[in-house]
Amino acid sequence: AIVKHLLCIVRLHQGGRYNDDFDDGEDIAEFDDNDFAEFEDVSEDPAVDVEKEPPPRAAPSSTPIEDDEDEATVENEDGQDEFEDADAQDQDMYSKYDNEEFEGYEKTNPSFKNTLIYREVPAHLQNSWESYYMEILMVTGLLAYIMNYIIGKNKNSRLAQAWFNSHRELLESNFALVGDDGTSKEATSTGKLNQENEHIYNLWCSGRVCCEGMLIQLKFLKRQDLLNVLARMMRPACDQVQVKVTLNDEDMDTFVFAVGSRKAMARLQKEMQDLSEFCGDKPKSGAKYGVPESLSILSEMGEVTDGVMDNKMVHYLTSHAEKIESIHFSDQFSGPKVMQEEGQPLKLPETKKTLLFTFNVPGMGNTSPKDMDSLLPLMNMVIYSIDKVRKLRLNREGKQKADRNRARVEENFLKQTHTQRQEAAQTRREEKKRAEKERIMNEEDPDRQRRLEEAAQRREQKKLEKKQMKMKQIKVKAM
Amino acid sequence: MTANNMADPRRPSKIFRYKPPNTETNPTLEDPTPDYMNLLGMVFSMCGLMLKLKWCAWIAVYCSFISFANSRSSEDTKQMMSSFMLSISAVVMSYLQNPQPMSPPW
């Protein structure tokens, strides 16, 4: 019985090429014991291998079965295995058979081997970190950014603290309120800087004669942003300290004046609303007033320049010329020109009497906390300027000139916006009429409706009469 | 007494409170970098998630870091955190879907 089974199985192997035999084999297998049923599947799989196998293998039929089984199982389990393994298996299989049987076959064997394609192992299956070098680069970049953030933040913080420590005494002796963030209920000095950013610190001082208040902004470089650090390697820049003193009406006479580095003056003349309107002439060289050539002056009139540039001021400017970016005194200060989308703004921008100082911190970016002490004389200059501006008054001629200038600017502005203001007024009138009509329509009470309508009609009639009167008057005058 | 007053310029009666400058009337004063970077970071992380591009996700992480570094202290931390989390999730998702390392563009 066992031999019969084995013979059937052999025929199953053969049956890979001959369908009849194969069918017979299958039929026989069906009647067979279930022990051998599993070999049905085994025999179907390695059809290629079966082709290569020599046909009459009665005796060691168990071994082919086992081999096939091994073959089959190996292939089933490691379907995506490397061809190297498959090759090895093939080799083993071939070595078990007679070489005679494979005489013709061996010649074709090498060609088959040459068509084998060795695929590369996908990188993520290789157990090496080297393939992830881009990721490692990215992470290192991020770590570098974080390190730079921490270092830059600390440096800016130290610089700000150093500045405040060196200026604290001067400020506290001049102002009643030093440091305020506007949030506390009572106006008490906080005694410390407001941190707006990792690179901008504010300080508000108030409570002094001759001024409303003083806002100091420490505008440091963005040391905490690596991109900015790299950009600064191409284009050097420096830290700036900006002081803005706002004055009450009685603290300053009407004039506009600016002095600073030539570049800054050219830029401000274009950018600033008041400088472009009141100081039309090109910036004059500072040499005329005893100040270094590198500084230039923009002024509303010569009298103003003479008034501002007294000896002490000239001394300050000369000794600290490289630290001064711009100094701007103005009673018509409204900030830089605002670009409006709908053409001109409908009303003049709000102005405030202001003294604006912009100082460059020495060191061009490579500042150390000690450099902050060198800015102290400049703060003294600021205090001196506040007192000076209070005392500076134009003579009669100057005042007349100044008033004329201001009237001229206002007139120009009104002319430019005339058409727009007319349109705006027209739309407003139409809106009013519409609103009234709506109100009349919405009135439920018919009596009230009638009364409102009559009132509106009477008003319109009055207006018409007025107009007619005016026309008559004009006609009479013309005559 | 008067001598003291003359020398001391401080006037507690003339104290004005600090009013933060109104940035609506003067938009030129504000630095737009953190807002731009935030938006860019979100766009890149969405690209990275949808199109399964690893480099997009990494750029998104960088953008959110830059936005954080440039942000004002008055700004919402929730916004920063949300963009940061979005970019991190973009990176993680890209690697979960395709564990292959990123190939350089050259």
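**View 1. A bridge between Gly260(A) and Ser326(A).** In this predicted model, Gly260(A) has Ser326(A), in strand 9 of chain A, as its bridge partner. Strand 6 of chain A spans residues 256-261. Strands 6 and 9 of chain A run antiparallel and are joined by 5 bridges.

**View 2. Strand 9 of chain A meets strand 10 of chain A.** These two strands also run antiparallel, with 7 bridges between them. Strand 10 covers residues 352-360. Here Phe333(A) stands opposite Lys352(A) of strand 10. Strand 9 covers residues 324-333, and 9 of its 10 residues are buried, so the rest of the structure largely encloses this strand. In a regular strand, side chains alternate between the two faces of the sheet.

**View 3. A helix of chain A packs on a helix of chain B.** Helix 8 of chain A (residues 133-174) and helix 3 of chain B (residues 54-70) have axes 11 Å apart, at an angle of about 0°. An angle under 35 degrees counts as roughly parallel, so these two helices are roughly parallel. Residues making the contact include Met138(A), Leu142(A) and Tyr149(A) from helix 8 and Trp58(B), Phe65(B) and Ala69(B) from helix 3. The contact residues divide into 13 nonpolar, 1 polar and 2 charged.

**View 4. The largest nonpolar core, with Met214(A).** This core has 59 residues. Trp163(A), Met214(A) and Phe329(A) are among those with the most contacts inside it. Helix 14 of chain A (residues 376-391) gives the most to this core, with 8 residues. Another core, of 17 residues, lies apart from it and includes Ala57(B) and Val91(B). Leaving out residues up to four places away in sequence, Met214(A) touches Leu171(A), Trp204(A), Val245(A) and Met379(A), among others.

Conventions: Residues numbered from 1 in each chain as written. Chains lettered and ligands numbered in written order. Predicted model: local features only at pLDDT ≥ 70, side-chain atom pairs only at ≥ 80, totals over all residues. Heavy atoms only, no water. Buried < 20%, exposed > 50% of the residue type's maximum accessible area, 1.4 Å probe, protein only. Helix = DSSP H or I, 4+ residues; strand = E, 2+ residues; numbered from the N terminus. Pairing = 2+ DSSP bridges. Axes fitted to C-alpha atoms, helices over the stretch in contact; angles between N-to-C directions. Parallel < 35°, antiparallel > 145°, perpendicular 65-115°, else oblique. Contact = heavy atoms within 4.5 Å. Nonpolar A, V, L, I, M, F, W, Y, C, P; charged D, E, K, R; others polar. Core = buried A, V, L, I, M, F, W, Y, C linked by side-chain atoms within 4.5 Å.
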